[in-house]
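Open the model in your viewer and keep the selection tool at hand. This tour goes from one selection to the next and says what is there at each stop.

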Amino acid sequence: MPKTGNEAAATVPEASSSAPVPEAPAPAVSVLGQNQYGKAEVRVVRVVREGEVHHLRDLNVSIALSGALDDVHLTGSNANCLPTDTMKNTVYVFAKEHGIASPEDFATRLARHFVTTQPSIHRARVRAEEYAWDRLTDPAEGPAHSFARRGGEIRLAEAAYEDGRWQVISGLKGLTVLNTTDSEFHGFARDPYTTLPETHDRILATEVSGRWRHTWTEDTGTAPDWDTSYRETRAHLLAAFAGTYSLSLQQTMHRMGSRIIEHRPEIAEVRFSLPNKHHFLVDLTPFGLGNDDEVYYAADRPYGLIEATILRAGHEARIPLDHSNL
């Protein structure tokens, strides 16, 4: 005879206290961190023809974008991923439509464009290296369309745009400078492994790699005349190197940065990385000759590497210590 509902319920076995409890999901082993992507080293040369007088700007442009890009890493969805080939094309189109007034101007235009036209992009950083060309002919004397590439020194510019805020950094690298005198190095710390002799007259040489951060944002008004700012900053850097009686490369470097801060109000921060290009006197005694600070050999490695940041009072350091790609 079938059991009634109450009888059936009474015969249902109670849940065992030893029944397995579902396990909580295991914590993720990996988490996506900082990420960015872009197009690196887009070479663009812009020629402006004013009759028989031509003008040349030669840039190497690198773009890095970041924002709402998790899906392209985690699921493979490219819905928010602007192709890097598009970034390359944008460089060329902007060079045509806007010209290249300066590396800083070109970089800021590009950075704003990517953030304001792509909803998924929240931050854009554009770096530009400029290769200098010197005229071979005087425009006052006729056609001026011949140039020679200047070796070594490269002008640098970087513009970063995020949440309506700017950070513009200018600079240079590959600028080699040398003083044949007015440099000493003595009174330094010693330990059992110190063999370096003290010197009261030496060659001081370095290859300047420098960056300087501007105070300008769109809220502070019109952007600086970038070319004038670069030219004057470089001139103060060189004047300080030439005019400082040096007791160490650190002292000279500090004076270079301080002079820039003192004379260029648009600059809040300067960072230098200066390798000491050592010059050693050659021992000519095996040949029966003296060497009264006349003949040296230039050692390319190893070398001392001196780095420092010089700030305008009241400002914080924002230039990365190693200025890496992050």
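Two strands pair if DSSP finds at least two bridges between them, and helices (H or I, at least four residues) and strands (E, at least two) are DSSP runs, numbered from the N terminus. This is a predicted model, in which local features need pLDDT of at least 70 and side-chain atom pairs count only at pLDDT 80 or more, while totals for chains, interfaces and linings use all residues. Residues are numbered from 1 along each chain as its sequence is written, and side-chain values use heavy atoms, with hydrogens and water left out.

Begin with β7 (267–275), and select S273 in this strand together with S209, whose bridge partner it is. Here 6 bridges join β6 to β7, and the two strands run antiparallel. Next select R271, which stands opposite T309 in β10; β7 and β10 (residues 305–311) also run antiparallel, and are joined by 7 bridges. Strand β7 is mostly covered, with 9 of its 9 residues buried, where buried means under 20% relative accessible area, exposed means over 50%, and partly exposed lies in between (1.4 Å probe, protein chains only).

Move on to strand β4 (residues 147–162), which runs antiparallel to β3 (residues 121–135) and is joined to it by 12 bridges. Selecting A124 and Y161 shows one pair of bridge partners, with Y161 belonging to β4. Strand β4 is also joined to β5 by 9 bridges, again in an antiparallel arrangement, and for E158 the bridge partner in β5 is I169. Between β4 and β5 there are 2 residues, the two strands forming a hairpin, and D163 in the turn has a positive phi of about 50°.

Which residues form one aromatic cluster? Select Y161, W166, W216 and W226 to display the cluster. Rings of Phe, Tyr and Trp (its six-membered ring) pair if their centres lie within 6.5 Å, and planes under 30 degrees apart count as stacked, over 60 as edge-to-face and the rest as tilted. A search of the whole structure finds 6 aromatic pairs. One of them is formed by W166 and W216, a tilted pair with 6.0 Å centre to centre and 35° between the planes. This pair links distant parts of the chain, 50 residues apart, with W166 in strand β5 (residues 165–179) and W216 in the loop between β6 (204–214) and α5 (226–243). Both W166 and W216 are buried.

Now select helix α5, in which the buried residues are W226, S229, Y230, T233, H236, L237, A240 and F241. Seen down the axis of α5, the buried residues fall within an arc of 135° (taken from the directions from the helix axis to the C-beta atoms), so they line one face of the helix. The face turned away from this buried side carries the exposed residues A242 and G243. While Y230 is in view, add R155, whose charged end sits over the ring of Y230, 4.4 Å from its centre; a charge sits over a ring if NZ of Lys or CZ of Arg is within 6 Å of the ring centre and within 35 degrees of the ring normal.

End at T222, in the loop between β6 and α5. Is T222 buried or exposed? At 77% relative accessibility, T222 counts as exposed. For a last distance, select C81 as well: T222 and C81 are 141 residues apart in sequence and 33 Å apart in space, C-alpha to C-alpha.

Notes:
Contact means heavy atoms within 4.5 Å.
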